[in-house]
Amino acid sequence: MLGQLGIFIALMGPATVSIQIKASQLASSPAEAASITAFAVAPGALAAVIFNALGGRISDRTTSRFGRRRPWLIIGSLGMFVGLALIALAPGAALMAVGWFLAQAAGNLALASYVASIPDQLSPAQYGRASGLVGIAGNLAVMIATWLASAFAGNMLTLFLVPGLIGMVLVLAFGGFLLATLGGGTDFTALLVAALAVAVLGAAMTMLIRGVK
């Protein structure tokens, strides 16, 4: 649930509200804002299709001491954050399109690895319950993402980076718990790493919010 919640919080705000707000800031007219939005969003939609399909296959073929899924969860969450930062700092539509392509590519890479990790950890009898929780997380993320967009609409950095940081924290936390369950044992070091990641990134987000007030 943490992984789905984090990825959707990071991506749904820009997809539904934030990119339009950024486009309106750059444009001189509503028609130009609509044109910028369309130009920026289209590459991301293509990236979502491609990297969601590839993500599961790539993680299936990955062999590492950290498991098949966890490396791509980490890479995806970091890439997603970088892409959102590019959109926030973009001076024009071209860099917005690049940033959204990167955010969607990395986010869907992480999402595919997250979805593939569910049957790795659960018995078939638990699939239905897990599916329900994943669905709840997705709907909850949309609500949180739109609330964050309305709360930070006045500043482009916080508008994109706060959801990005929240998403990265939650995905990294899930990655820590995933490592803790590998082999059926409990790895308290992994849990500690996940907790530290949450604490550090949470502190960074708090400092960022205070800095723009």
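**Exercise 1.** In this predicted model, classify F51 as buried, partly exposed or exposed, and do likewise for F101.

*Solution.* The relative accessible area of F51 is 25%, so F51 is partly exposed. For F101 the value is 32%, and F101 is partly exposed too. The limits applied are under 20% for buried and over 50% for exposed.

**Exercise 2.** Determine how many aromatic pairs the model holds, and describe the geometry of the pair formed by F51 and F101.

*Solution.* Ring centres must lie within 6.5 Å to pair. By this rule there is one aromatic pair. F51 and F101 form a pair with 6.4 Å centre to centre and 85° between the planes. An angle over 60 degrees counts as edge-to-face, and the pair of F51 and F101 is edge-to-face.

**Exercise 3.** State which helices the pair of F51 and F101 ties together.

*Solution.* F51 belongs to helix α2 (residues 30-60), and F101 to helix α4 (residues 93-121). The pair therefore links parts that are 50 residues apart in sequence.

**Exercise 4.** Describe the span of α2, where α2 bends, and which of its residues are buried.

*Solution.* With 31 residues, α2 reaches 45 Å from its first C-alpha to its last, close to the 45 Å expected. A bend of about 30° occurs at L54. The buried residues of α2 include A33, I36, A40, G44, A47, G55 and S59.

**Exercise 5.** Find the nonpolar surface patch that contains I58, and place I58 in its helix.

*Solution.* I58 is found in helix α2 and is partly exposed at 31% relative accessible area. Together with L46, V49, I50 and L54, I58 forms a nonpolar patch on the surface with about 410 Å² of accessible area.

Key
Residues are numbered from 1 along each chain as its sequence is written. This is a predicted model: local features need pLDDT of at least 70, side-chain atom pairs count only at pLDDT 80 or more; totals for chains, interfaces and linings use all residues. Side-chain values use heavy atoms; hydrogens and water are left out. Rings of Phe, Tyr and Trp (its six-membered ring) pair if their centres lie within 6.5 Å; planes under 30 degrees apart count as stacked, over 60 as edge-to-face and the rest as tilted. Helices (H or I, at least four residues) and strands (E, at least two) are DSSP runs, numbered from the N terminus. Buried means under 20% relative accessible area, exposed over 50%, partly exposed in between (1.4 Å probe, protein chains only). The expected span of a helix is 1.5 Å times one less than its number of residues. The bend at a residue is the angle between axes fitted to the seven residues ending there and the seven starting there. Patches are made of residues with over 30% relative accessible area and no salt bridge: like charges are joined within 9 Å, nonpolar side chains (Val, Leu, Ile, Met, Phe, Trp, Tyr) within 5 Å. Accessible areas come from the Shrake-Rupley method with a 1.4 Å probe; for residues, only the protein chains shown count as cover. A salt bridge is a side-chain nitrogen of Lys or Arg within 4 Å of a carboxyl oxygen of Asp or Glu.
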